[in-house]
Amino acid sequence: MKLPRRFFQPLAAGAPQPYRELPVRLERMIHFVPPHLEKFRAKIPDLIPQVDVILGNLEDAIPADMKVEARRGFITLAKANEFGSTGLWARINALNSPWILDDLTEILAEAGDRIDVIMLPKVDGPWDIHYIDQLLAQLEARHGIRKPILVHAILETAEGVQNVDAIACASPRLHGMSLGPADLAASRGMKTTRVGGGHPDYKVIGDPGSGSERSVAQQDLWHYTIARMVDACQANGLKAFYGPFGDFSDPVGCETQFRNAFLLGCAGAWSLHPSQIEIAKQVFTPDPAEADFAQRILDAMPDGTGAVMIDGKMQDDATWKQAKVIADLARLVEERERGENRTVP
Ligand code: GLV
Ligand code: MG
């Protein structure tokens, strides 16, 4: 464990100082784009105002013989567009793949000053974060990149879940984590071929009765992992995200999973299909009535202490903090809708 005093020192001479607080940004959906396809690259200017984050995907779903085209395509789209307050992320290939070294060296050399976050798949433990942390610092220094590039870990191996707390405090470069339900299901030996979402066979049933049907309630396969991820992230000032929901024909299922994640503390989710952009926007934006109520709590307790009654409900210092979470998020959404840019802590 590094000494606390040295935790925030740059890891390479000439690399930028790591952030002490994460930049304040709205990240309700991380929209995945396959950058090797010109058809999708051409849509980026229209996408920028619609989404909070655009991510160029270089990893799974990109065929092995298209990895180089995807990397080149990502660099092209990063240089060709002005992103404004929309984040630009890249999901690079895993640390044990033959592509990651070129992914990082080429992207940072050619577009390092345009990238906000590198998403790192299949993170097993803090050692993976230490490796990429050091490498990014060397590349930032070499290419004179002034803004530190953040790292977002995908939580998608059984080992990663076991080490989630250590991962979350491995480096000041960490931005947050996403649940990767497909790889995680495989890694754990779960018996599902679905990408995220529930499963009708994962359920509890009522006791046998005399003659009547037993009640059935489907349970959430991902509740445990999301709750662990949220605690690990929030305890370290990071953001937690639901990952992919693969059934594009089930918008209600998608919305329900996203909403559970939102209520549990997640900041956003991945959108893999245009139809999921609106779902994520709706879900990860506070409900206007809830935001108004939160503002009334803040107004009624200007210094955040004491106890008041509003509409028959008791409010105190703790509910003031709950209200602040919702009111702060609502303000961020309003600012984004007014086109304001908030990229600095
Ligand atoms: C995402 O990468 C997943 O494996 O679900
Ligand atoms: Mg995965």
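A residue counts as buried when its relative accessible area is under 20%. In this predicted model, Glu156 has a relative accessibility of 4%, so Glu156 is buried. That residue is a good place to start, for Glu156 is one of the protein donors of the magnesium ion (ligand 2). The other is Asp183, and the two donors, Glu156 through OE and Asp183 through OD, lie 2.1 Å from the ion. The pair brings together distant parts of the chain, as Glu156 sits in the loop between strand S5 (150-155) and helix H6 (158-162), while Asp183 belongs to helix H8 (residues 181-188), 27 residues apart. Asp183 has a relative accessible area of 25% and is therefore partly exposed.

Attention can now turn to charged side chains. In the whole structure, 25 salt bridges are found. One of them joins Asp60 to Lys122, with 3.0 Å between the closest N and O atoms. Asp60 is in the loop between strand S2 (53-57) and helix H3 (67-80), and Lys122 is in the loop between strand S4 (117-120) and helix H5 (126-143), so this salt bridge ties together parts that are 62 residues apart in sequence. Asp60 is partly exposed, at a relative accessible area of 37%. Lys122 is also partly exposed, at 24%.

A further salt bridge is formed by Glu82 and Arg114, whose closest N and O atoms are 3.2 Å apart. Here Glu82 is found in the loop between H3 and strand S3 (87-91), and Arg114 in the loop between helix H4 (100-111) and S4, so parts 32 residues apart in sequence are tied together. Glu82 has a relative accessible area of 65%, and because exposed means over 50%, Glu82 is exposed. Arg114, at 26%, is partly exposed.

What of Arg173 and Asp133: are they buried or exposed? Both residues are buried. They too form a salt bridge, and their closest N and O atoms are 2.7 Å apart. Since Arg173 lies in the loop between helix H7 (164-168) and strand S6 (174-179) and Asp133 lies in helix H5, the pair ties together parts that are 40 residues apart in sequence. Elsewhere, salt bridges link several residues into a network, made up of Arg71, Arg72, Lys79, Asp103, Glu106 and Glu110.

The packing of two helices comes next. The axes of helix H10 (residues 251-264) and helix H11 (residues 274-283) come within 9 Å and cross at roughly 35°. This crossing is right-handed. On the H10 side, the contact is made by Pro251, Cys254, Glu255, Phe258, Arg259 and Phe262. The H11 side brings in Gln276, Ile279, Ala280 and Val283. Sorted by class, the residues in this contact are 7 nonpolar, 1 polar and 2 charged.

A last look goes to Arg25, which is located in the segment before strand S1 (29-33). Which residue, 62 residues apart from Arg25 along the chain, has its C-alpha atom 8.3 Å from that of Arg25? The residue is Gly87. The relative accessible area of Arg25 is 13%, so Arg25 is buried.

Technical notes
Residues numbered from 1 in each chain as written. Chains lettered and ligands numbered in written order. Predicted model: local features only at pLDDT ≥ 70, side-chain atom pairs only at ≥ 80, totals over all residues. Heavy atoms only, no water. Donors = N, O, S within 2.8 Å, 3.2 Å for Na, K, Ca; no water. Helix = DSSP H or I, 4+ residues; strand = E, 2+ residues; numbered from the N terminus. Buried < 20%, exposed > 50% of the residue type's maximum accessible area, 1.4 Å probe, protein only. Salt bridge = Lys/Arg side-chain N within 4 Å of Asp/Glu carboxyl O. Axes fitted to C-alpha atoms, helices over the stretch in contact; angles between N-to-C directions. Left-handed = near helix turned anticlockwise from the far one by under 90°. Contact = heavy atoms within 4.5 Å. Nonpolar A, V, L, I, M, F, W, Y, C, P; charged D, E, K, R; others polar.
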